[in-house]
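Here are my notes on the model you sent over, written as numbered points. Have the structure open while you read.

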Amino acid sequence: MATFRDLLAAAKSEISEVDTAGAADLIATGALVLDVREPDEYEEGALPDAVHIPRGHLEAQIENRLTDKTAPVVVYCAGGVRSAFAARTLQELGYADVVSMDGGFGRWKDEGRPWKAPVTLTPEQNNRYKRHILLPEVGVAGQTKLLDSKVLMLGAGGLGSPAALYLAAAGVGTIGIVDMDDVDASNLQRQILHNVDRIGDRKVDSAKKTLTMLNPDVDVVTYDTRLDASNIMDIIAGYDVIVDGADNFPSRYLLNDASVKLGIPVVHGSIFRFEGMVSVF
């Protein structure tokens, strides 16, 4: 019966290994980096831009995370054992250019090579956003970017209401809302941020209550004012994206000029009866 040492020796006989210097050279020329340690190990520090898949989930997740099987891959763990088994598994799955880093993260760190603490979410956030995190195109890094992002909504009406709800639910960390109107009963069949208890309230206040109750991670910044040439630059500065749900052309033209000057992309939406359009500028 084979021992652990026998299995490790067999795995290493079938793969290529490099030391930390060799791994650094491969990474510098564009090799992908795969970390197969456990989550608690990864959270304490990792190589920059490493893709993290714990060894126990490797077979199930790797093909969705690293789709190009011809790309060079450097695999590492804490000391070089799990990465050796992982490298053999990758070869069996058809990855053509895989090496295991001997000495692992421990030796890499001891030699003073670059590493960083990866972005992490709280347990509550991991649970809330786990459907996002499961998507290879999002993951923890993508969700963290959403939480760090800032979106400005121009209008809290028929267009702004559903957009703001979905952005808040998705975890966009800062949502600004510009509107200077009151909630009216005639708004309620389409402006779903508001309800009958808010009739007469300012729309920005009603919107903030709804979005904060939906997702306490979100910082809702309100601007109870009319957007004009005297305030638009101060209001939109610092936002990553602007969602234009304005109901008049002067505001749209004003926003266009200011956003072009500051280099902020604008998502523009409009509706008329049964017709609608959306554009990105």
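The points below go through the sheets, a covered helix, the two biggest pockets and a few single residues.

1. First, a caveat: this is a predicted model. Please read everything below with that in mind.

2. Start with the open sheet. It has 6 strands in the order S8-S7-S6-S9-S10-S11, and the pairing is mixed. Which strands stand at the edges? They are S8 (219–223) and S11 (275–280). Each has a single partner strand, so one side of each is left without a neighbour in the sheet. From one strand to the next, the twist averages 15 degrees.

3. Within that sheet, have a look at S6 (residues 150–154) and S9 (residues 241–244). These two pair in the parallel sense, over 4 bridges. To find the register by eye, use valine 151, which stands opposite valine 241 in S9. Helix H11 (residues 203–214) packs on the sheet, where it touches S7 (174–178) and S8. The direction of H11 makes about 175 degrees with that of S8.

4. Now strand S5 (98–101), which has parallel partners in S1 and S4. S1 (residues 16–18) is joined to S5 by 3 bridges, and the two run parallel. S4 (73–76) is also joined to S5 by 3 bridges, again running parallel. Two pairs mark the register: valine 18 stands opposite methionine 101 in S5, and valine 74 has valine 99 as its bridge partner there.

5. The side chains of S5 deserve a closer look. In a regular strand, side chains alternate between the two faces of the sheet. In S5, Val98 and Ser100 point one way, while Val99 and Met101 point the other way. Are these four buried or exposed? All are buried, with buried meaning under 20% relative accessible area.

6. Helix H5 (residues 82–92) is mostly covered, with 8 of its 11 residues buried. The buried ones are Ser83, Ala84, Phe85, Ala86, Ala87, Arg88, Thr89 and Leu90. Note that an arginine, Arg88, is on that list. What covers them? The cover includes helix H1 (4–13), strand S2 (32–35), H4, S4 and S5. After H5 comes glycine 94, which has a positive phi, near 100 degrees.

7. On to the largest pocket, with a volume of about 1100 Å³. It is lined by 32 residues, and those closest to its centre are His52, Arg65, Gly139, Val140 and Ala141. Helix H3 (39–43), strand S3 (51–52), helix H4 (58–65) and helix H9 (139–148) each supply at least two lining residues. H9 gives the largest share, 5 residues. By residue type, the lining divides into 18 nonpolar, 8 polar and 6 charged.

8. The second largest pocket holds about 660 Å³ of space. Of its 28 lining residues, Gly155, Gly245, Ala246, Asp247 and Asn248 are the closest to the centre. Helix H13 (249–262) and strand S10 (266–272) are the elements that give two or more residues to this lining. Here the residues divide into 9 nonpolar, 12 polar and 7 charged.

9. Valine 140 comes up again here, as one of the residues closest to the centre of the largest pocket. It is found in helix H9 and counts as partly exposed, at 28% relative accessibility. Leaving aside neighbours within four places in sequence, valine 140 is in contact with Val119, Thr120, Leu121 and Ile133. For a sense of scale, valine 140 and alanine 229 are 89 residues apart in sequence and 39 Å apart in space, C-alpha to C-alpha.

10. Finally, two residues to check on a backbone plot. Aspartate 49 has a positive phi of about 65 degrees although it is not a glycine. It lies in the loop between H3 and S3 and is exposed, with a relative accessible area of 67%. Arginine 273 also has a positive phi, of about 55 degrees, and is not a glycine either. This arginine is found in the loop between S10 and S11. Is arginine 273 buried or exposed? At 75% relative accessibility, arginine 273 counts as exposed, the cut-off being over 50%.

Conventions:
Residues numbered from 1 in each chain as written. Predicted model: local features only at pLDDT ≥ 70, side-chain atom pairs only at ≥ 80, totals over all residues. Heavy atoms only, no water. Pairing = 2+ DSSP bridges. Axes fitted to C-alpha atoms, helices over the stretch in contact; angles between N-to-C directions. Contact = heavy atoms within 4.5 Å. 1 Å grid on protein atoms, 1.4 Å probe; cavity = no way out; pocket = protein on both sides within 12 Å on 5 of 7 lines; lining within 4 Å. Points joined across faces, edges and corners; volume = space filled by probe spheres on them. Nonpolar A, V, L, I, M, F, W, Y, C, P; charged D, E, K, R; others polar. Buried < 20%, exposed > 50% of the residue type's maximum accessible area, 1.4 Å probe, protein only.
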